Amino acid sequence: MITYKNNSAVIRGEPALRIMAGGRTLGVDDRQDRLRELGELLRRLRKSAGLTGKELAQRAGVAQPTISRIETGQLLPTPETVDRVSAALELDEADRGALDALLVRLRDEVSRLKGGLAGREAANAARVRSAGWMAVFSSAMVPPLLQTAEYARLALTIGREVDEDDAARAAAVRVEAQATLFEVGRKFAFVLTEGAVRTWPGSPSLMLAQLDRLAQVATLPHVRLGVVPWRTEAPAFPLHGFTIFDGSVSVVESLTGDLTLTETGDLEAHEEVFEAFAGAALYKDELRTLLAEIAADYRALENHSAN
């Protein structure tokens with residue numbers, strides 16, 4: 001186990017925007033299916049409690065059409081409505097967890113679809129701010145919470161056709177979310193492969209600033225940052241990076257969107273891989289030595305390009 005551990009909005013009439021999630025394209029039809037799944041879950045929970053729609057509405061203090069719209073897949077409830085309905089149904093931990101997991105995925109999809117890159121980053125930032133602890137593994141790039149502003153801009157735009165203003169807003173949102181690193185009471189664990197630190201967008205000078213950023217963050221008392229050097233045998237093939245939030249959700253970032261995992265088996269597999277790489281990583285003085293070696297290579301590249 002990792003130790004670093006309003007009311008409602010109607011969803012209708014939106015353009016068929018799409019993101020990738022779960023290995024397939026998600027659009028309005030898919031989101032409607034997810035809304036119907038939410039409605040079926042609420043209907044099952046209501047019937048298990050022996051309540052009619054009208055009785056549930058009265059107990060929860062919401063309008064009866066609200067319950068009807070949710071159950072028919074026409075309404076995405078706000079957190080306030082969910083809390084009221086959950087209290088009225090007297091849901092146990094398992095049922096409330098299933099409801100919350102489905103709502104998290106729905107709200108993420110809606111936020112990302114509506115807001116482009118900036119909307120996606122805002123959804124990510126909201127998830128970061130709601131987490132008490134995070135465990136982040138990356139094999140290909142510096143994680144968003146550790147990126148300099150210039151690295152963040154390139155991470156969002158390089159190799160992609162994007163709106164420049166949208167990308168600039170997204171980068172600003174990403175950097176602003178990094179304030180959580182300094183908030184008391186939170187815990188963060190980052191494990192990177194050396195490949196993630198040696199994959200450089202932009203220029204060698206950009207990466208020198210990025211290495212300084214990593215060294216600074218590594219000194220924070222509630223942040224544990226390690227890098228697995230190339231000279232160390234890999235404990236597994238690092239097929240992709242992921243971020244575990246509070247042990248309940250793991251998010252895998254792909255080129256075109258995020259895959260959100262909540263199943264126990266998936267979470268256990270990600271925790272196991274994280275711990276394996278964390279055990280092979282270098283920390284503190286050894287980390288600073290490794291970062292200095294990598295910085296020397298970037299300076300050599302910088303000098304070579306200048307000649």
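This dialogue goes through a sheet, a cavity and some aromatic pairs in a predicted model.

Student: How are the strands of the open sheet ordered, and what is the sense of their pairing?

Tutor: Strands of a sheet pair through backbone hydrogen bonds, and the pairing is either parallel or antiparallel. Here six strands form an open sheet in the order 7-6-5-8-9-10, and the pairing is mixed.

Student: Which strands stand at the edges?

Tutor: Strand 7 (223-228) and strand 10 (258-261) do. Each has a single partner strand, so one side of each is left without a neighbour in the sheet. From one strand to the next, the twist averages 15 degrees.

Student: In which sense does each edge strand pair, parallel or antiparallel?

Tutor: Take strand 10: its pairing with strand 9 (residues 249-253) is antiparallel and runs over four bridges. Within that pairing, Val 251 has Thr 260 of strand 10 as its bridge partner. At the other edge, strand 6 (residues 187-193) and strand 7 pair in the parallel sense over six bridges. There, Thr 193 is bridged to Val 228 in strand 7.

Student: How many residues of strand 7 are buried?

Tutor: In a regular strand, side chains alternate between the two faces of the sheet. As for accessibility, strand 7 is mostly covered, with five of its six residues buried.

Student: What can be said of Gln 178, and is this residue buried or exposed?

Tutor: Gln 178 sits in the loop between helix 7 (164-176) and strand 6. The relative accessible area of Gln 178 is 6%, so this residue counts as buried, the cut-off being under 20%. Its C-alpha atom is separated by 9.1 Å from that of Val 128, a residue 50 positions away along the chain.

Student: Next, the cavities. What is the volume of the largest cavity, and which residues line it?

Tutor: Rolling a probe the size of a water molecule over the atoms shows where empty space is left. In this model the largest cavity has a volume of about 60 Å³. Its lining consists of Leu 38, Leu 42, Ile 70, Pro 77, Thr 81, Val 82, Val 85 and Leu 99. By class, seven of the lining residues are nonpolar, one is polar and none is charged.

Student: Which helices supply at least two residues of that lining?

Tutor: Helix 1 (28-48) and helix 4 (79-89). Helix 4 gives the most, with three residues.

Student: How many aromatic pairs are there, and how is the pair of Phe 137 and Phe 277 arranged?

Tutor: The structure holds four aromatic pairs. In the pair of Phe 137 and Phe 277, the ring centres are 4.6 Å apart and the planes are at 35 degrees, so the pair is tilted. Phe 137 belongs to strand 5 (residues 133-138) and Phe 277 to helix 10 (residues 264-280), so the pair ties together parts that are 140 residues apart in sequence. Both Phe 137 and Phe 277 are buried. Ring pairs also link Phe 137 and Phe 277 with Phe 242 in a cluster.

Student: What is the geometry of the pair formed by Trp 200 and Tyr 298?

Tutor: That pair is edge-to-face, at 6.3 Å centre to centre with 80 degrees between the planes. Trp 200 lies in the loop between helix 8 (194-198) and helix 9 (204-217), while Tyr 298 lies in helix 11 (residues 284-306), so parts 98 residues apart in sequence are tied together.

Student: Are these two residues buried or exposed?

Tutor: Trp 200 has 38% relative accessibility and counts as partly exposed. Tyr 298 is buried, with a relative accessible area of 3%.

Note on methods
Residues numbered from 1 in each chain as written. Predicted model: local features only at pLDDT ≥ 70, side-chain atom pairs only at ≥ 80, totals over all residues. Heavy atoms only, no water. Pairing = 2+ DSSP bridges. Axes fitted to C-alpha atoms, helices over the stretch in contact; angles between N-to-C directions. 1 Å grid on protein atoms, 1.4 Å probe; cavity = no way out; pocket = protein on both sides within 12 Å on 5 of 7 lines; lining within 4 Å. Points joined across faces, edges and corners; volume = space filled by probe spheres on them. Nonpolar A, V, L, I, M, F, W, Y, C, P; charged D, E, K, R; others polar. Phe/Tyr/Trp six-rings, centres within 6.5 Å; stacked < 30°, edge-to-face > 60°. Buried < 20%, exposed > 50% of the residue type's maximum accessible area, 1.4 Å probe, protein only.
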